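Hello,

Here is the structure you will be working with. Please look through it first, then read the notes underneath.

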Amino acid sequence: MAPETGTPSSKKDIDGMKDILNSGETNHIAGIFYPAHDLMPFRIRDILLVASLYDAFILEEDRGLSEQIFGEYLSLGISSPPRVKLVPTAEKALEELKKKRYDLVITMTHLFDSDPMEFGRKIKKIQSDVPVVLLVTEAREVRRYYSPGEREGIDRVFLWTGDSALFLAIIKLFEDMKNVDHDTRYGSVRVILLVEDSPQYYSIFLPLMYKEIMVQTQMLIEESANEQEKVWRKRARPKILLAETYEDALSVYRRYKEYIIGVITDVSYPREGKKDNNAGFRLISNMDPDIPVLVQSSQPEHRKKAEDFGVPFVDKNSDDLIYEFRRFLKEKLGFGRFVFRLPDGPVVGEASNIREFIEMVKTVPAESLIYHGRRNQFSSWLLARGEIELARRLRPKKISDFDDGEEMRSYLIRVFEEGEKKKSRGVISDFSTKAFIYEGTITRFGGGSLGGKGRGIAFLTYLFQKTNFPARYGRYGLHIPSAFVIATDEFDNFIEANDLHDIRNKGLSDRDIMEIFIRAELSEHLMGALKEYLSFVREPIAVRSSSLFEDSYNQPFAGIYSTYLLPNNEKSEELRLKHLSDAIKLVYASTYFRRARAYIKTTLHTTDEDKMAVVIQKLVGNRFDDVFYPVFSGVAQSYNFYPQHPLKREDGIVNLALGLGKIVVEGGNFLTFSPRRPQVILGFSSIKEILNNAQNIFYALDMTDEDFDLKKGEDSTIRKLYISDAENHRDIMKWTASIYDPQDDVLRDSMDAEGYRIITFAPILKYDMYPLPRMLKDVLDLCQMAMGGAVEIEFAARLNDEGYPELHILQIRPILTMKRHIDVESFAPENREKYLVYSNSALGNGVLTNIRDIVFVHRKRFERSKTTEIAGEIGHINSMLEEAPYILIGPGRWGTKDRWLGIPVEWDQISNTRVMVETPMEDLRVEFSQGSHFFHNIACLNIPYLTVDYRTDENFIDWEWLENLTPTDETEHVVHIRLERALEVRVNGNTGRGAILKEGEN
């Protein structure tokens, strides 16, 4: 029995795909699922402040302590400030600690009922791991209570001078101490080490350092690509660690060496229990010389030694102490803007973000680049911004690695642009980042949902980025076109602003709706964004619908809404913008078209529930003469609903065509094969079959007409061409065509042979010149494992500069397969009389017992030239049935857009059908189009579809019984019959057998 969903065909395939999925990393800033909520697991939320009434008055003199802390948090964009509980005595504090858990205790010195040190020891007996901070208000008290490195009851001593920023620094310091192991391991968070044994000075330095970090963080948040990255930036800021002795400093350095971006050290502090006047320089001697260091000391004689070490020095007694401290943070650690200078000092440019940096690198003098490169200032700036991967690429490089400054410039531009591209892939970026200029990126405009199609593209982008899957194919290339998605809130705004709520209730034709929507106006903000988008993108584009319901598991809505292809090459910028805005408005309008309203009635939803997003993608293809089209396009499914020997259902199926995929999704002649058995091409078993079934037309985008009218429909920019029209496009033909020699009745695979071009894709499928089957198989396996079920993908390919195809995956959707076994007995000749229809090529799964109506195309009245009229007659009868379910029977491919291959019905013409039967055309064998949008919709609506192949005895319709029934209604070509007794329909999706029994239930 076949599995419920298509699966890789071997354990090796399954294990391989599992390895790929499990190998992906999500703890980097380029992923969709940021680890931000895993970072900073410890947060100080409750603080117990123990202060005498006098000390409390001092703290409250300006404004309440809680208000001060809240103000500091608010000013720096930090959420969730902690709660502060104030108690006046040590006794009350100990009682409180026995009742409630606290994250931090801050005690003042003037407690009448306890010595602060003894009080600290008592606290530790109740809550041993709670940090205890002693806050002194006078410098002379420091020596009384503080001894560097000692932690008996009191963890840190700070000097309070009235600056509320000290409280934020204390809180963040203890959070950093708790979180640093976790955050460096899982988030590669950076560390700054401060070595200082004087509470007076670290009480000055820490607030200053944290303020600079928070300002830097806020700046990075503002330029973040999306909300996830904003959360990441907020929580992945550099940690600050404080060491008071040489041993502590060296231990911190060795433990976090890989993550340290800078060290600020005093010179004289304890080593081996004694004051060492050379401790700071000893520490520097044991450090990586590339790590930026600031030496600060109250002894100016240390300046000369600092200069000998090649590190900056600042005098603690200087009036410029804070200025020099800030200057080090900005210039050496990379906080703030990057300032490009010449070796002799003049500023030649500044950059506040990566994009500005790239532009400056392109223009500043080469000697400026060499100056900064020699000092590792590029990598320091990147590390401070959290651009860890870029910094790692730059830091090992030496100036001597480049022949000159221009070679260095080229390297920097390449590395930074590659970094920006990589960071943009796999994420949904806000429009302000302009990520759409990079391949494989998703850029969102506005709030709300991306819609079904947008979600699918975003998931594909994320999946490829997470697994690095495209790297498996090297020079062959596997890509996803960048997408600019206008989210659903903009649709709501458009409907509201133009008062279009009631348009569905006015009985308007599709044409009338088009006219109204074209006259309506998009928001000024959106028009500005579209204008900016077009300033970057001049290639042909596709404007695709992406409604909430599209491409979901149970309601595909495939092909129900509109898509428009635009050449985007008009000379007038205003005309380019008008065509794009018109296309967006017409996609919005298609939400209210007749076929959308009819289709939505077959689901559990209403039109009011649907909202429309719009996906704008660069079109995949190449320009040839005055048309643009892909070398090939198609649809691939991981599950084959109609396997023919030797194929199996789980082998999957691919429909492949030259040119735009319109011929596949709407129905036409194309090539069908299994990605696991590409040598088996359906309908190509003989020269005669090949000539009958080979593709004879293709579709391309017209690049010459600037006066097209999109109101004429989705095909207004599309040109229908014959294969002979591509005769001169040899770069295309060499990948797709063979030559038919009618004289010898043989196909030749040489382009130099005489004869007619026949689209066989022999270079790909026969000679494996491009690994398309393997690539599609691998993509299908990966996607269905990632999505947990069978999938369908749409794809297209362009020729790269070397003339090789580049495969692009355009979209993905889940497909429904079988959920339970339905018994349909094998055909036996003696039981023939009980069947109206029997088929061993049936789609669907289930039993229907309440159908009494049959609508069929009379086989003796059928005319291939009248299929459009026949579709209209079926639509007429459908409207008369008033939602009564019926069985629809007729010749050729249902729902095709090629009226010569079947009956081109639209959804509103068959909205009440519950079973469809396809019978052969007498003069033409038509393969069923598994990749068509029509097929996908009937599959997901679980409408049984029975194909009757007269070439076997097991497939038949009892026409004599059917045609002898008395018609209830009939037209020129179509007959409607209502039976007294209901028929019974049974379809087993696993075996592909289906039957309609004449004797059902009453």
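The exposed residues R254 and R255 sit on the face of helix α10 that is turned away from its buried side. This is a predicted model, so please read every value below as computed from it. Helix α10 spans residues 246-256, and its buried residues are Y246, A249, L250, V252, Y253 and Y256. Viewed down the helix axis, these buried residues fall within an arc of 160°, so they line one face of α10. What do the buried residues of α10 pack against? Their partners are the helices α7 (165-187) and α11 (279-285), together with the strands β6 (191-195), β7 (239-243), β8 (260-265) and β9 (269-271).

Some of those strands belong to a sheet. It is an open sheet of 5 strands with parallel pairing, in the order β7-β6-β8-β11-β12. The edge strands are β7 and β12 (313-315), each of which pairs on one side only. On average, neighbouring strands of this sheet are turned by 20° against each other, direction ignored. As background, strands of a sheet pair through backbone hydrogen bonds, and the pairing is either parallel or antiparallel. In this sheet, β8 pairs with β11 (residues 293-297) in the parallel sense over 3 bridges. T265 has V295 in β11 as its bridge partner.

Two helices can be described relative to the sheet. Helix α7 packs on the sheet and touches β6 and β7, with its direction at about 115° to that of β7. Helix α13 (residues 321-331) lies across β8, β11 and β12, and runs at about 160° to β8.

Further along the chain is helix α20 (residues 488-497), whose buried residues are T488, E490, F491, F494 and I495. These cover an arc of only 155° around the axis, which puts them on the same side of α20. E496 and A497 are exposed on the other side of α20. The elements that cover the buried residues of α20 include the strands β16 (442-445), β18 (483-486) and β21 (612-618). Also among them are the helices α21 (510-519), α22 (524-536) and α23 (573-589). After α20 comes D499, which has a positive phi, near 55°.

One residue of α20 deserves a separate note: D492 is found in this helix. Why does D492 count as partly exposed? Its relative accessibility is 27%, and the partly exposed class lies between the limits of 20% and 50%. The side chain of D492 is joined to that of K611 by a polar contact of 3.2 Å. D492 and G448 are 44 residues apart along the chain, and their C-alpha atoms are separated by 9.5 Å.

The last residue to look at is N568, in the loop between β20 (563-566) and α23. Is N568 buried or exposed? With 3% relative accessibility, N568 counts as buried, because buried means under 20%. The side chain of N568 reaches the backbone oxygen of V537 at 3.0 Å. The side chain of N568 also makes a polar contact with the side chain of R576, again at 3.0 Å. Leaving aside neighbours within four places in sequence, N568 is in contact with L534, V537, R538, E539, P540, I541 and R576.

Regards

Key:
Residues are numbered from 1 along each chain as its sequence is written. This is a predicted model: local features need pLDDT of at least 70, side-chain atom pairs count only at pLDDT 80 or more; totals for chains, interfaces and linings use all residues. Side-chain values use heavy atoms; hydrogens and water are left out. Buried means under 20% relative accessible area, exposed over 50%, partly exposed in between (1.4 Å probe, protein chains only). Helices (H or I, at least four residues) and strands (E, at least two) are DSSP runs, numbered from the N terminus. The arc is that of the directions from the helix axis to the C-beta atoms. Contact means heavy atoms within 4.5 Å. A polar contact is a pair of N or O atoms within 3.5 Å; within protein, one must be able to donate a hydrogen and the other to accept it, and residues adjacent in sequence count only if both atoms are side-chain atoms. Two strands pair if DSSP finds at least two bridges between them. Axes are lines fitted to C-alpha atoms, for helices over the stretch in contact, and angles run from 0 to 180 degrees between N-to-C directions.
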